[in-house]
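Visitor: Hi, I've got a structure open and I'd like to chat it through. Can we start with the pockets and then move on?

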Amino acid sequence: MIYKVIIPSAGLGSRLQHFSKHINKSLVAVGHKPVISHIIEKFPRDIEIVIPVGYKKDTVRDYVQIAHPDRIINFVEIDIYEGEGSGLGYTMLQCEKLLQCPFIFCANDTLVKEEIKPPITNWMGFAEGYDTEQYRAIECDDSLQVTEILSKGTSGKNIKPYIGLCGIHDFAQFWEAMSKGKDQGSIEVGESYGLKFLMNNTINAECFTWFDTGNIDALEKARNIYEKDLDLNILEKQDEAIWFVNNRVIKFSIDSKFISNRVKRTKYLGDYVPQIIKSSKNMYAYEIVEGEIFSKNPNIEKFSKFLEWMKNFWQKKNINQVKEKNFLECNLAFYKEKTYSRVEEYFERFEYIDNNEIINGAKVPKLMDILDMLDWNYLSQSSPYNFHGDLHFENILINKNSKRPFTLLDWRQDYGGIIEYGDIYYDFAKLNHGLIISHEIINKGLFDINHKYNKIDYDFLRKNNLVECEIYFRNYINEKGFDYKKVEMLTFLIFLNIAALHHYPYSLLLFYLGKAGLFNLIK
């Protein structure tokens, strides 16, 4: 049967609050894959999909084209997607010319487990076990024929929540009703308005296992189901995302320079990182590399092999005096100015007042006083090396069936604006910080922090194998003639720098770990 699919993706998704601040709600991830991909993959590859876009339209278009290059997709730009005159019905009517055949309507926040049947007849999807107070509903007779389409807040014996998924066979009548009903509510109500005019032709009710992703509580429930079998430790950020779809890894950032520099740096990182196969203003993609993330089962044997492999990666760069002076100034800005800026960001975000405190039983002065004690010139003296920039076990892949034993992932986009080289000590410190705190431990909530007045106590679980790797790494750095004390200081500065970027209470742990650790080193 020839039919099409429409996935409306023009609206703001305001019920998702911060989740849809930087991306369209269709790109919010469930199981580390945007909802819209889950929907697209429900349909045969030869089925044309129509996606109306408005809010964050470029992110939707770029993502779908990168993630699903083998699909037939038509994007329709919606000029009015918020405020007066906007509505799902308006969005639908802008797509009418492309939908002159039977079609399936699927809201971009609707996930179902079952196969979705073609629109051979008119049908509407429903689910059991949901409160109809929150959703539009349908009333069915004993033969599962729809007898009434109801507004939110209606309840009764044969009343079921409508899940925003339907098949429209009698498309001509549907569009006629939608067009004639512009002044009677079709603009605001959406597809439900047109469906009411198909009831004389019979509408079947189809039951689905439904996961709503359109509000925060429902989204979390869906994530718990879809992610329970995934072996990934990825800490979510508001302004970045990493998605896994169609045998591709897709990285998104609201910072277009971040993306462009990431892509440019692959020239200098060579075969140590995956090769970019496609990129746009705010995202890039590479093919999934088969292997095991280093953090899954780290040990000294693997770690020693990795450090040996990195010898050829950490190559010192020969640069002229002008570039060397600029590099040292960059170091100072990267460490000092960035730290003060990130600390102020933490103060503002978490309404923190800088004070003398007692951390795990030890008296610790104000953080700003500690930072003023640091010898920033000492920390900034270094030589330029090839560098990764975010080197920890979550970003190292142990390859399968490859001549290369490892692949480096999620490399830093630049070093204070420099893309050709950076400070090897930053790589050392990043690696060291991941040996102290692992994403797996944080994701499992295996840490504790109590903050009352000026007294703070924290503790977190550490794996013995990571402690052993930390001791091995310290010996390695000393044997290679580098300064381990500098690595330690930069490690605790990293904890302070990333505290403002993470969620509470993990942010609190990072902050006080950095503050106490830094003071213990310099006191």
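**A pocket, some charges and a sheet**

Guide: Sure. In the lining of the second largest pocket, β9 gives the most, with 3 residues. Helices and strands here are DSSP runs numbered from the N terminus, with at least four residues (H or I) for a helix and at least two (E) for a strand.

Visitor: Before we go on, what kind of model is this?

Guide: This is a predicted model, where local features need pLDDT of at least 70 and side-chain atom pairs count only at pLDDT 80 or more, while totals for chains, interfaces and linings use all residues. Residues are numbered from 1 along each chain as its sequence is written, and side-chain values use heavy atoms, with hydrogens and water left out.

Visitor: OK, back to that pocket. What volume does the second largest pocket have?

Guide: About 1000 Å³. A pocket is an open set of points on a 1 Å grid over the protein atoms alone where a 1.4 Å probe fits, with protein on both sides within 12 Å along at least five of seven lines. The volume is the space filled by probe spheres set on the points, which are joined across faces, edges and corners.

Visitor: And which residues lie nearest its centre?

Guide: Arg15, Lys25, Leu88, Ala107 and Asp109, out of 35 lining residues. Lining residues have an atom within 4 Å of a point. Elements that supply at least two residues each include α3 (88-93), α5 (186-189) and β11 (210-212).

Visitor: How does the lining split by class?

Guide: The second largest pocket has 13 nonpolar, 13 polar and 9 charged lining residues. Ala, Val, Leu, Ile, Met, Phe, Trp, Tyr, Cys and Pro count as nonpolar, Asp, Glu, Lys and Arg as charged, and the others, Gly among them, as polar.

Visitor: Arg15 caught my eye. What does arginine 15 form a salt bridge with?

Guide: With aspartate 109, the closest N and O atoms being 3.6 Å apart. Arginine 15 sits in the loop between β1 (4-6) and α1 (35-40), and aspartate 109 in the loop between β4 (103-106) and β5 (110-112), so the pair ties together parts 94 residues apart in sequence. A salt bridge means a side-chain nitrogen of Lys or Arg within 4 Å of a carboxyl oxygen of Asp or Glu.

Visitor: Is aspartate 109 buried or exposed?

Guide: Buried, at 10% relative accessibility, whereas arginine 15 is partly exposed at 46%. Buried means under 20% relative accessible area, exposed over 50% and partly exposed in between, with a 1.4 Å probe and protein chains only.

Visitor: How many salt bridges does the count come to?

Guide: 24 salt bridges. Lys57, Asp58, Arg61 and Glu77 are linked in a network of them. In one of these pairs, arginine 61 meets glutamate 77 with the closest N and O atoms 3.1 Å apart. Arginine 61 is in helix α2 (residues 57-67) and glutamate 77 in strand β3 (residues 73-77), so the pair ties together parts 16 residues apart in sequence.

Visitor: Switching topic: in what order do the strands of the open sheet run?

Guide: The 4 strands go β12-β13-β15-β14, with antiparallel pairing. Strands pair if DSSP finds at least two bridges between them. β12 (240-245) and β14 (276-279) are at the edges with a single partner strand each, so one side of each has no neighbour in the sheet.

Visitor: And how many bridges join β13 to β15?

Guide: 5 bridges, between residues 248-253 and residues 283-287. Valine 249, for one, has tyrosine 286 of β15 as its bridge partner.
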